[in-house]
Protein chains: 2
Amino acid sequence: MSVDDAEALPERTRRRRAPKPHAAGVKAVAAAAGVSLGTVSNVLNRPEVVSPLTRAKVEAAMASLGFVRNESARQLRAGSSRILAYLMLDAGNPFFTDVAKGVEEAAQAAGLSVFLCTSSEDADREAAYLDLLEQQRVQGILITPIDQNSSRLRKLPSRGTPVVVVDRTLDDAEHCSVAVNDILGGELAISHLLELGHERIAYVGGPNTIGQVVDRREGARRALRTAGQPLSNLIELTTGALTVAEGRGAGQRLAGLPADRRPTAAFCANDLLALGLLQQCVSLGLRVPEDLAIVGYDDIEFAEAAAVPLTSVRQPRQLLGRTAAELLLDESSNPDHEHQRVTFTPELVVRTSTRGTL
Amino acid sequence: MSVDDAEALPERTRRRRAPKPHAAGVKAVAAAAGVSLGTVSNVLNRPEVVSPLTRAKVEAAMASLGFVRNESARQLRAGSSRILAYLMLDAGNPFFTDVAKGVEEAAQAAGLSVFLCTSSEDADREAAYLDLLEQQRVQGILITPIDQNSSRLRKLPSRGTPVVVVDRTLDDAEHCSVAVNDILGGELAISHLLELGHERIAYVGGPNTIGQVVDRREGARRALRTAGQPLSNLIELTTGALTVAEGRGAGQRLAGLPADRRPTAAFCANDLLALGLLQQCVSLGLRVPEDLAIVGYDDIEFAEAAAVPLTSVRQPRQLLGRTAAELLLDESSNPDHEHQRVTFTPELVVRTSTRGTL
DNA sequence: AGACGGGGATGAAAGGTTTCAAGAGCGCCC
DNA sequence: GGGCGCTCTTGAAACCTTTCATCCCCGTCT
């Protein structure tokens, strides 16, 4: 992550490059094929209306001139884009790349392409990308927002760019949203730990500007309340981001506590944190789950392959992405579209990190 | 990955949506502000040349009309795009997302934005995205190609779209490329295993259409030759993709062999394969590294956190991305640009999966 | 007082495509 | 042989910005 970039000295070899050429447009193609502009355009957009012979001539001309359609001009005139964008929180988190896979799947089925952007949990980047995508007039935007109250986000749909919020629920009347019930997820995790008899439980997550984090914590608190336990039993460790590195930091803090005050279990707001926490605690000599039980969130592929296979709250990732993309497509093609809020239910996957030997 | 999408039944709530509005252009803004078209454009592109008073009027008009610049029109006229694209092999592989992070970094420093696309190791998708990006007239394309002999790929630069090949070296005179010496990486891995006394070694990787895979295998063979061992000591297990799931499959095959013919070590073409292999072998009762030593490739963040911390060949991921983006920027802005081939050197990181207790 | 210069604003042209109403060519039928 | 209908092609308008040469207004210099 950071060690990574110890400046290795690379070898370089150089060569001169060829001069830059000039692009051929429909006009040139039309001239070369001996037809009119309109015909070339027809070959491009409605090949069935042009006679096979003419089409062949035009296609030959295109090939020989190396014609490349200018999408800006096309879009300017035609007014429509064939592109969806998914603006993710963090490309390094396999959860989001799995969601993205679902999005791609649905988009491909509809003949659209997907551009991925990443805000890296930075509100300014998010805003900049939203502006850019709006200016590009993409067909629609899927977003896992960092700042869900952003006025930018709210204004987009009213200006004609459909937006679907992914992995978050907005009470707003302007968007569709597809989410997983994070409060319930938090409850599942903590109830499980309570059932196992844990009483001092750490909650590791942050920053609290991220909705998912807040909801999962809320779920944790509810589970305590339901069980009739005081909220003070939940020790909160706030992190600066949802990354492995932050998880290690939290592990350091946890392991540093005297054994009689140290929590016996930890619930992490996502698997990246959990993996970092696990790694650090193990390397500092804590046994998992005997000294510290750990529950993660997302059930990413690496959770199962971890040093101690991780108990985690699973979400239907690809389905989430696919559903979101389908809602977006409906919104941009169906005049009777109604905004929807779709909520999936998470599921607890129990592994060694809480239950020990099976 | 696949279990993921057991169809959970979501709850849905619906609401009616507002009707679609009509967009305001420079023209409307000019009218509202009582100035000419050109002035509005100046406010947008060269604010310093317009008087503060006029500028304020125009900006007010923009805000009240909700003006959004039409990027297609801008690009059509101005001829330049402010976007780079990185077409990756697999967004689910943390190696590539780390490279992407480096790309973003360099792009942001230059005031550009990055669109990520993923070919998912599918040549048709790759081709489709290349066409799309060329038509979009992006400023340049960074690509980790699946099909490096694609004529599409070769033709792009000659038509005006700069291309930098990432994590692969092309002997071609048309592109810059940034890579890590994969042959050397393979040698490092195998030499390490040979030094530890292993004689029957598995090579797990594929498909062989992917250059990295081929090079790493080639390095493995060289190491054997150097050590004076027969190539038959390298047992090749070919996989269909570089994924955790394929790794599990390979693990299944390996563990099924009778102990006296089973390799005592495995070198995997990437960490995803290695993690899958590790997981499967452990769950089938093999001890790592006692029964089977494992070396991965890429040293992704999860390698260290694995069930048995993974020995792996590390590459400077972000640096790779950053360097590639910088070359691309140079190519598209510097008229004296010379194509370069930059090669970084990989490094072996030894952990428990080969050396056992330290 | 008149010429000059410069900061600001202007308006028309240009950029490559799609769209669409209209035209051309041709075979067929009465 | 003339008219009709059909298929295919045409050419110009429109999409929205940016660009750039031009113009205007005023203060300044001689």
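Here are some questions and answers about this predicted model of two protein chains with DNA strands C and D.

Reader: Is chain A compact or spread out, going by its radius of gyration?
Author: Let's start with the makeup: chain A has 14 helices and 13 strands. Its radius of gyration is 26 Å, while the globule rule gives 21 Å for 358 residues. The first value is well over the second, so chain A is more spread out than a compact globule.

Reader: What box do the C-alpha atoms of chain A fill?
Author: The box is taken along the principal axes of chain A. Along those, the C-alpha atoms fill roughly 90 × 60 × 40 Å.

Reader: Which residues come nearest to DNA strand C?
Author: There are 27 residues around strand C. Both chains chip in: α1 (26-33), α2 and α4 of chain A, plus α2 and α4 of chain B, each supply at least two residues of that surface. The ones that come nearest are A:G25, A:V26, A:A73, B:G38 and B:T54.

Reader: How many residues of the surface near DNA strand C are charged?
Author: By class, that surface has 11 nonpolar and 11 polar residues. The rest of the split is the charged group, and that comes to five.

Reader: Which helix gives the most to the surface near DNA strand D?
Author: Around strand D there are 26 residues, and A:G38, A:T54, B:G25, B:V26 and B:A73 come nearest. The helices that each supply at least two residues are α2 (37-45) and α4 (71-78) of chain A, along with α1 (26-33), α2 (37-45) and α4 (71-78) of chain B. The surface divides into 10 nonpolar, 11 polar and five charged residues. With five residues, the top contributor is α2(B).

Reader: How does α10(A) lie relative to α11(A): parallel, perpendicular or oblique?
Author: Take helix α10 (residues 244-255) and helix α11 (residues 271-283) of chain A: their axes come within 6 Å and cross at roughly 45 degrees. Angles of 65 to 115 degrees would count as roughly perpendicular and those under 35 as roughly parallel, so this one falls into the remaining class. That makes α10(A) and α11(A) oblique.

Reader: Is the crossing of α10(A) and α11(A) left-handed or right-handed?
Author: On the α10(A) side, the contact includes A:V244, A:R248 and A:L254, and on the α11(A) side A:L272, A:L275 and A:C281 are among the residues. By class, the contact has 11 nonpolar, six polar and two charged residues. As for handedness, the crossing is right-handed.

Reader: And in chain B, at what angle do α10 and α11 pack?
Author: Here the axes of α10 (residues 244-255) and α11 (residues 271-283) are 6 Å apart. The two helices are oblique, and their crossing is right-handed. B:A250 and B:Q252 of α10(B) are among the contact residues, as are B:L277 and B:Q280 of α11(B). The packing angle is about 45 degrees.

Reader: Which peptide bond in chain A is cis, with omega near -5 degrees?
Author: Look in the loop between β7 (201-205) and α9 (211-226) of chain A, where A:P207 sits. The cis bond runs to that proline, from A:G206 to A:P207.

Reader: What is omega for the cis bond between B:G206 and B:P207?
Author: B:P207 is in the loop between β7 (201-205) and α9 (211-226) of chain B. For the bond joining B:G206 and B:P207, omega is about -5 degrees.

Reader: Where does B:S120 lie?
Author: B:S120 has a positive phi, near 50 degrees, even though the residue is not glycine. Its place in chain B is the loop between β3 (113-118) and α6 (123-136).

Notes. Residues are numbered from 1 along each chain as its sequence is written. Chains are lettered from A and ligands numbered from 1 in the order in which they are written. This is a predicted model: local features need pLDDT of at least 70, side-chain atom pairs count only at pLDDT 80 or more; totals for chains, interfaces and linings use all residues. A residue is near a molecule or strand if its C-beta atom, placed from the backbone, lies within 6 Å of it. Helices (H or I, at least four residues) and strands (E, at least two) are DSSP runs, numbered from the N terminus. Ala, Val, Leu, Ile, Met, Phe, Trp, Tyr, Cys and Pro count as nonpolar, Asp, Glu, Lys and Arg as charged, and the others, Gly among them, as polar. Axes are lines fitted to C-alpha atoms, for helices over the stretch in contact, and angles run from 0 to 180 degrees between N-to-C directions. Angles under 35 degrees count as roughly parallel, over 145 as roughly antiparallel, 65 to 115 as roughly perpendicular and the rest as oblique. A crossing is left-handed if the near helix is turned anticlockwise from the far one by less than a right angle, and right-handed if clockwise. Two residues are in contact if their C-beta atoms, placed from the backbone, lie within 7 Å. The radius of gyration is taken over C-alpha atoms; the globule rule is 2.2 Å times the number of residues to the power 0.38.
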